[in-house]
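Please open the model in your viewer and keep the sequence panel beside it, since each stop on this tour begins with a selection.

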Amino acid sequence: MPHITGVSRRQFEITPDLMLRAYRAGLFPMAETRRGDRLYWLDPEQRGVLPLDRFHLPRRLRRTVLSGAYTITTNQDFHGVIAACAAPGEGREDTWINPEIERLFGALHRMGHAHSVEAWLPGEGGPQLAGGLYGVALGGAFFGESMFSRARDASKVALVHLVARLRLFGFTLLDAQFQTAHLAQFGCREVPRQAYKRLLSEAVEEQGVWQDAVAPEAVMVEIHRLGQLSHAPGDTA
């Protein structure tokens, strides 16, 4: 679990239905460690939000996305994505995703509330999962939980595809939990708790509808629009 200040922790017996009520109220669960057996509700004083209407798509990443280097799917390997997010990685010896988190999000996935975006590369024996992300959809809000990469830019490409889809599907809020240097490059900003909850209360009443069957051409058009929104003098990243 990252170092967090200004966070309320409340220990509960957590069920999938309780998780949905908690997300609606602005809370989310974490374990302290991969091996930890307790989950805590977090309610940060500052919330990371990725603005869907002002998402910044760097030029270099835009070229990678449009090159088609990765094949992108949604909900094709949800359990593979969350398992990869839970595994140790470079610069990350431990994670906050314990087996109980995996179980609960697996239940939300079966209920149609948790979704994954996968990035694939060709490999021996078939496509190989190179990166991805997962999160929870509720009304017009999407709560991003975690992402991983096994190849350069794989999780970033998955994020761009997520944003394009959320815009197409009528979502209005992409919750990133915490602002990080990694997310700041995409325009992530911190929102005070009460302001975030006002945004959230409006978003969950919207009629965002997640779709797995969406025309690739429509997604590409939306990615082009993201690139146009992001163009600014001196943006060479």
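A residue counts as buried here when its relative accessible area is under 20%, and as exposed when that area is over 50%. Bear in mind throughout that this is a predicted model.

**First stop: strand S7**

Select residues 141-149, which form strand S7. By that cut-off seven of the nine residues of S7 are buried, so the strand is largely enclosed by the rest of the structure. Now add residues 128-138, strand S6, which runs antiparallel to S7 and is joined to it by eight bridges. Where the two strands meet in a hairpin, two residues lie between them, and glycine 139 takes a positive phi near 60°. Leucine 138 has alanine 141 of S7 as its bridge partner. Alanine 141 also stands opposite leucine 173 in S8, a strand that pairs with S7 in the parallel sense over three bridges.

**Second stop: strand S3 and its partners**

Move next to residues 46-50, strand S3, which is mostly covered, with four of its five residues buried. Three bridges join S3 to S8 in an antiparallel arrangement, and here glycine 48 has glutamine 177 of S8 as its bridge partner. S3 also pairs with S9, again in the antiparallel sense, over four bridges, and valine 49 stands opposite arginine 189 of S9.

**Third stop: helix H7**

Select residues 193-203, helix H7, and colour Tyr196, Leu200 and Ala203, which are its buried residues. They cover an arc of only 60° around the axis, which puts them on the same side of H7. An α-helix has 3.6 residues a turn, so residues three or four places apart point the same way. If you turn to the face away from this buried side, you will find the exposed residues Gln194, Arg198 and Glu202. What covers the buried residues of H7 includes the strands already visited, S3, S7, S8 and S9, together with helix H1 (16-25).

**Last stop: the second largest pocket**

Which residues are the closest to the centre of the second largest pocket? Select Asp53, Thr172, Leu173, Arg189 and Leu199, which hold that position among the 13 residues of the lining. The space in this pocket is about 250 Å³, and its lining divides into seven nonpolar residues, one polar and five charged. H7 gives the most to this lining, with three residues. Two of the central residues have appeared before, as Leu173 is the residue opposite alanine 141 and Arg189 is the residue opposite valine 49.

Terms used
Residues are numbered from 1 along each chain as its sequence is written. This is a predicted model: local features need pLDDT of at least 70, side-chain atom pairs count only at pLDDT 80 or more; totals for chains, interfaces and linings use all residues. Side-chain values use heavy atoms; hydrogens and water are left out. Buried means under 20% relative accessible area, exposed over 50%, partly exposed in between (1.4 Å probe, protein chains only). The arc is that of the directions from the helix axis to the C-beta atoms. Contact means heavy atoms within 4.5 Å. On a 1 Å grid over the protein atoms alone, a cavity is a set of points where a 1.4 Å probe fits but cannot get out, and a pocket is an open set with protein on both sides within 12 Å along at least five of seven lines; lining residues have an atom within 4 Å of a point. Grid points are joined across faces, edges and corners, and a volume is the space filled by probe spheres set on the points. Ala, Val, Leu, Ile, Met, Phe, Trp, Tyr, Cys and Pro count as nonpolar, Asp, Glu, Lys and Arg as charged, and the others, Gly among them, as polar. Two strands pair if DSSP finds at least two bridges between them.
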